[in-house]
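Please take me on a walk through this protein, stop by stop. I have the viewer open and would like to know what to select next and what I will find there.

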Amino acid sequence: MDAYWIPIRTALAVFPLLAAFLTFPYMIYQYRRYGAIPFLRTVILYSFLLYLLCMYFLVILPLPSIEAVAGQTGPTVQLLPFQFVRDFIRETKLDIMNPKTYLPALTQNCFLQVICNMVMFLPLGMYLRYYFRCGWGKTAVISFLVSLFFEFTQLSGLYGIYPRGYRLFDVDDLMLNTWGGMLGYAAAPLLAKLLPSREQLDQRAYLKGRAVTFCRRFAAFLLDWLLIGILLIMCMIAVPFLLPALIVVPGIIYALVIAGYFILIPWATDGYTPGKWICRIRITGKNERKPALYQYALRYGLLYFVLIPLPVIWVCGYIFEICTGYRERPRLLLHERISRTECVSTVGTITKDKQKHEKIWLLPA
């Protein structure tokens, strides 16, 4: 069992690091597509990522030493189809006429390895049909290509790290893995009975995306400042004399960035910064009217020159809300109330699916 437990344990150790690396891009994609990050969709996608990790490590682990691989002289490829049937007949003492030999034959490694090769790809077929909505042919092709990638990984000696393939490239594995994916495709309707359909997941995501959460706004905030950082670095590379200016007069540069990026751009684009546009958020005035230039200046002037530099004011503002009971618009922060602006979602909702076999109509937010 160690041959299986070590790869799975390694995948469980690597998964949090990979998930942390992919979380922000995943958040941005979900906000751009749906305007929300539903919990069940996230569980499904991250479980798929963990499953792929487990598959990959089951294929490559445990790693032998380079010296041990260099000393191997056995074959590296097996191109004879259905060799696993011949191995089963040769290595087991199965007697069709003697039922007592059935169970011992089915517990032999030559049989268990065949079953494991199929079972390992069974979840792939289920994911492809249930969540990714792949058809029979596409599922078969993807299952085959994933298996082929694993086999070439082994044949290449883990991409050249080893002097030769340390595991056998077996054409039977390609067949068994593909069959496993197709069995998963056939079993996917059972999973669909336990979980909401992909269309229902999309519907819930779009409905949830009509509200602008603080997490979504924070993601837009991080995107905006990431873009600002990239632009400043590019300017410093293109115009080297800007570096002393950034060091000597950072306050002036900061004010220019706020004025140009957060005041003029939203005013010119009807309420969008690049980060807000990506996250499907728009700034509006009262009754969703277009804010005036002074409202943008008041909004972002308060935010970036008062509230962010002086966090105590945030605390005092929330204490004021609690004491006065002024909480009927909990999404509005202090600088929004003073400037009489707010963030609204530009995400629609699904009534009918229009992609492929369905119809999707997006209603304006």
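Here is a tour of two pockets, a pair of residues and a surface patch.

**Before you start.** Keep in mind that this is a predicted model. Residues are numbered from 1 along each chain, so the numbers below can be typed straight into your selection box.

**Stop 1: the largest pocket.** Begin with the largest pocket, which has a volume of about 940 Å³. To find its middle, select Tyr-4, Gln-113, Asn-117, Arg-167 and Asp-173, the closest to the centre among the 30 residues that line this pocket. Next, colour the helices around them: helix 1 (2-33), helix 2 (39-60), helix 4 (83-91), helix 6 (109-130), helix 7 (136-155) and helix 9 (171-194) each give two or more residues to the lining. Which helix gives the largest share of this lining? That is helix 6, with eight residues. If you now colour the lining of the largest pocket by residue class, you should find 16 nonpolar, seven polar and seven charged residues.

**Stop 2: Gln-154 and Arg-167.** Keep Arg-167 selected, as one of the residues closest to the centre of the largest pocket, and add Gln-154, which lies in helix 7. These two are 13 residues apart along the chain, yet their C-alpha atoms are separated by 5.6 Å. Is Gln-154 buried or exposed? Its relative accessibility is 6%, and therefore Gln-154 counts as buried, the cut-off for buried being under 20%.

**Stop 3: the second largest pocket.** Move on to the second largest pocket, where about 290 Å³ of space lies. Select Arg-217, Phe-218, Phe-221, Leu-303 and Leu-333, which are the closest to its centre of the 15 lining residues. Two elements give two or more residues to this lining: helix 11 (214-238) and helix 15 (293-307). Helix 11 gives the most, with five residues. By class, the lining of the second largest pocket has 10 nonpolar, one polar and four charged residues.

**Stop 4: a nonpolar patch.** For the last stop, switch on the surface and select Leu-226, Leu-227, Ile-230, Leu-231 and Met-234. Together they form a nonpolar patch on the surface, with about 450 Å² of accessible area. Zoom in on Leu-231, which has its place in helix 11, the helix you met at the second largest pocket. How does Leu-231 count in terms of accessibility? Leu-231 counts as partly exposed because its relative accessibility is 47%, which falls between the 20% limit for buried and the 50% limit for exposed.

Notes. Predicted model: local features only at pLDDT ≥ 70, side-chain atom pairs only at ≥ 80, totals over all residues. Heavy atoms only, no water. 1 Å grid on protein atoms, 1.4 Å probe; cavity = no way out; pocket = protein on both sides within 12 Å on 5 of 7 lines; lining within 4 Å. Points joined across faces, edges and corners; volume = space filled by probe spheres on them. Helix = DSSP H or I, 4+ residues; strand = E, 2+ residues; numbered from the N terminus. Nonpolar A, V, L, I, M, F, W, Y, C, P; charged D, E, K, R; others polar. Patch = residues over 30% accessible without salt bridge, like charges linked within 9 Å, V, L, I, M, F, W, Y side chains within 5 Å. Areas by Shrake-Rupley, 256 points an atom, 1.4 Å probe, with all protein chains shown as cover. Salt bridge = Lys/Arg side-chain N within 4 Å of Asp/Glu carboxyl O. Buried < 20%, exposed > 50% of the residue type's maximum accessible area, 1.4 Å probe, protein only.
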